[in-house]
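Trainee: I'm new to this structure and would like a close look at a single part. Please pick one helix, go through it slowly, and then show me what else is worth a look.

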Amino acid sequence: MITDSFGSACPAACTAFKREELLRTELIPGAIFWVLVLLTALLYWPGLKGDFLLDDFQNLRFLGQLSSRSSTEWLLPVLSGISSEAGRPLSLASFALQHADWPRNVAAFKYVNVLLHLLNGCLLFWLWLKLGRLTGIPGRRNLLIGLIAVSIWLLHPLLVSTTLYVVQRMTQLSALFTLVGLLFYLHGREYQQAGRLRSGYLWISLGVGLFGLLATLSKENGILICLLALSMEATLLRGFPSPSGWRAWKLIFLYGPVALLALVVIWRFDTMVLGPYAIRDFTLIERLMTQARVLVEYLGLTVAPVPSALGLYHDDYAPSRGLLAPVTTLGSVFLIVGLVVLAFATRRRAPVFSFGLLWFFIGHLLESTIFPLELYFEHRNYLPMAGPVFALSFYGVDLVERIKSIPVKRALRFFPVLYLSILAAITFNEARLWGDPVRQAYTWAKEKPYSIRAQERLAGIWQALKEYQKAAAIYREMGKKFPRDVGSYVAWLSVGCYDGSIELPNQQTLLQNLKNARFSNAPVASLDVIVTAKEKGECIRISDAHVLELIDALVQNPKYAAHLDNLSLLAGRLYANMGYLDNAIKALDRAYMKSPRVDIAFFQADLLASAGLYDDALRYVEKARQAVSAFPIKRDLQLANIAALERAILRDKGAL
């Protein structure tokens with residue numbers, strides 16, 4: 001607010017001045033910000049169409065099993081997420097609220113994601129303004145820096161895949177609670193600076209404790225709020241007082257959660273870190289070297305996004321096999337290490353520069369270090385890139401203010417408008433691409449010739465359009481390029497079910513490749529397509545025996561141990577379709593032992609009843625009831641179906 005410093009001699013002039021100053025320093029930037037929010041919504045609007053992609057199906061298929069708003073029905077699936085050990089229940093709960101839109105109304109899910117992106121932009125703008133004010137940046141300059149920084153962040157095309165990739169609502173929600181928590185934290189520090197210690201401690205404890213927990217329950221990155229708060233304390237808030245009890249509070253609320261996480265990782269290092277590398281084609285050291293290149297690329301795309309480098313599929317990103325393989329690895333390692341050292345070294349002399357870098361590296365601490373995740377995903381930059389963007393905006397405004405030449409100053413003032421226009425244009429084109437599945441698949445396949453996922457996506461589009469020859473040609477070519485990625489080979493085989501003129505892959509070559517293949521969900525999904533076709537009386541040209549050999553080959557592959565339940569279920573279904581009841585029941589028993597699911601036990605009871613083995617069938621009816629008790633999705637419906645089957649069995653047995 002503008003305070004009256006002119007006395008009471010000229011109240012009219014003072015009032016007019018204050019109104020003009022308020023308009024210039026607050027109302028106009030505020031109006032610009034809301035125009036920016038509206039513009040961002042319009043840019044994303046074409047992307048609301050499109051399809052669910054990649055991990056959407058794996059993480060959200062439970063929505064199809066929800067039929068009401070019963071808390072008992074929702075509780076277990078929401079608490080049983082597969083994305084991580086924590087399960088991300090808050091994110092899954094937000095999806096569960098939209099279960100009626102699954103799987104046909106993708107626009108409804110994307111609409112919520114876009115709203116979350118806009119809300120996060122508002123929170124980020126508020127955070128930058130509050131942080132700038134607390135650190136003494138003058139009001140008008142603070143507004144300008146915050147406005148430029150949030151404009152870049154909202155309009156940046158690197159964040160399109162986070163916003164329009166439905167399942168990445170997990171990232172957005174974690175960012176939302178993190179930003180709210182940091183706002184609470186700054187509000188509490190402001191109270192402490194004013195001497196209101198009790199209120200201050202309450203606000204900062206709620207910020208880091210409550211909202212940090214909510215952020216973590218949305219996605220594990222939420223725990224990084226502790227380190228983000230420490231980065232602010234080490235840089236921009238260095239001049240703030242340390243009130244009574246400050247060290248103890250930091251030890252409990254900031255250092256404590258991070259230390260606990262570190263202890264858990266150390267305690268479970270073999271199973272949490274080293275073990276999962278068994279399904280990767282890179283080692284821990286190779287991943288760390290690769291992430292140096294990845295982080296450099298993320299920073300480069302933050303400053304200068306290249307449309308052809310954007311998208312969802314980055315499985316073609318080559319891991320670093322040594323410091324000179326590729327040659328950019330060594331330079332990237334030196335650059336990243338140098339930037340980290342520089343961030344700590346300049347935290348007093350250049351706190352904004354230090355803060356921007358620390359924010360970025362802290363944001364990538366979980367997903368770009370030792371954990372055996374895939375090498376590259378754009379959504380990992382959603383919150384981390386805000387730090388460098390804030391620092392660039394700060395120093396950009398500072399540079400313009402230092403220049404004395406009026407023409408140069410005017411030219412530099414035009415640069416943000418030009419830069420934001422370029423970002424907006426790229427974002428709009430990317431959003432249009434996300435809203436057009438056919439053009440998206442074709443574009444990504446063309447831009448990513450060595451991305452198996454991009455090629456398989458295009459082949460899947462051709463299959464949906466019944467262009468089986470085109471789909472088979474893609475699968476065949478990918479199978480030749482990447483023989484260890486057998487998903488393409490098995491998909492090629494599955495296409496042969498629908499077009500008898502398609503030449504099928506060599507049986508022995510396929511079997512051998514399956515036994516030595518690296519992990520992928522694709523071959524299991526394609527085998528499911530083949531078995532389903534056989535259950536419908538289709539796909540006669542591929543023998544049952546050959547399909548069983550393929551399933552057995554994957555069972556023998558240790559990298560597919562996590563899929564033993566699905567593979568055994570496929571074998572059981574195929575044996576049942578062939579009329580081999582004993583083999584079917586044994587295979588389904590193996591599947592149930594690995595994953596005690598209702599549908600497996602129900603299928604077994606139905607098979608046995610159809611064979612006249614009523615007592616055995618009734619035993620499996622009880623197993624199905626036990627499975628419902630353990631995993632009560634659609635409990636009433638499941639129990640009703642089981643009761644109906646039981647009555648039918650008893651009737652056929654002659655007991656009724």
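Mentor: Let's start with a roll call: Gly 487, Ser 488, Tyr 489, Val 490, Ala 491, Trp 492, Leu 493, Ser 494 and Val 495 of helix α21 are buried (buried means under 20% relative accessible area, exposed over 50% and partly exposed in between, with a 1.4 Å probe and protein chains only). Before we go on, keep in mind that this is a predicted model, where local features need pLDDT of at least 70 and side-chain atom pairs count only at pLDDT 80 or more, while totals for chains, interfaces and linings use all residues. Residues are numbered from 1 along each chain as its sequence is written, and side-chain values use heavy atoms, leaving out hydrogens and water.

Helix α21 runs over residues 487-495 (helices are DSSP runs of H or I with at least four residues, strands are runs of E with at least two, and both are numbered from the N terminus). With 9 of its 9 residues buried, α21 is mostly covered. What do the buried residues of α21 pack against? They pack against α19 (452-464), α20 (468-481), α22 (507-516), α23 (522-535) and α24 (544-556) (contact means heavy atoms within 4.5 Å).

Now follow the chain out of α21, and you'll run into a cross-link. Cys 497 and Cys 539 form a disulfide, with 1.8 Å between their sulfur atoms (a disulfide is a pair of cysteine sulfur atoms within 2.5 Å). Cys 497 sits in the loop between α21 and α22, and Cys 539 in the loop between α23 and α24, so the pair ties together parts that are 42 residues apart in sequence. The link is left-handed, with -50 degrees about the S-S bond. By the sulfur rule, the count comes to 1 disulfide. Are its two ends buried or exposed? Cys 497 is buried at 14% relative accessible area, and Cys 539 is buried too, at 4%. Look at the backbone of Cys 539 as well: its phi is near 60 degrees, a positive value in a residue other than glycine.

Lys 466 shows a similar backbone feature, with phi near 65 degrees, again positive in a residue other than glycine. You'll find Lys 466 in the loop between α19 and α20, where its relative accessible area of 61% makes it exposed. Remember that α19 and α20 are among the helices packed against α21, so you can find this loop by starting from there.

While we're on cysteines, compare a couple elsewhere in the chain. Cys 122 counts as partly exposed, at 21% relative accessibility, whereas Cys 226 counts as buried, at 3%.

Next, have a look at the rings. The structure holds 32 aromatic pairs (rings of Phe, Tyr and Trp, the last by its six-membered ring, pair if their centres lie within 6.5 Å; planes under 30 degrees apart count as stacked, over 60 as edge-to-face and the rest as tilted). One of them is the tilted pair of Phe 184 and Trp 203, at 4.8 Å centre to centre with 50 degrees between the planes. Phe 184 belongs to helix α8 (residues 169-193) and Trp 203 to helix α9 (residues 197-218), so this pair ties together parts that are 19 residues apart in sequence. Phe 184 is partly exposed at 22%, and Trp 203 is partly exposed at 27%. Trp 203 also pairs with Tyr 191: their ring centres are 6.5 Å apart and their planes at 50 degrees, so this pair is tilted. Tyr 191 lies in α8 and Trp 203 in α9, so here the parts tied together are 12 residues apart in sequence.

There's a ring cluster to find as well: Phe 52, Phe 57, Phe 95, Trp 102 and Phe 109 form one aromatic cluster. Stop at Trp 102, where the peptide bond to Pro 103 is cis, with omega near 0 degrees. Pro 103 is in the loop between α4 (89-96) and α5. Helix α5 covers residues 106-134 and includes His 117. At 0% relative accessibility, His 117 counts as buried. Leaving aside residues up to four places away in sequence, His 117 touches Thr 40, Tyr 44, Trp 153, Leu 154, Leu 159, Thr 163, Gln 172 and Tyr 382.

One last stop: the peptide bond from Ala 325 to Pro 326 is cis, also with omega near 0 degrees. Pro 326 lies in the loop between α13 (284-303) and α14.
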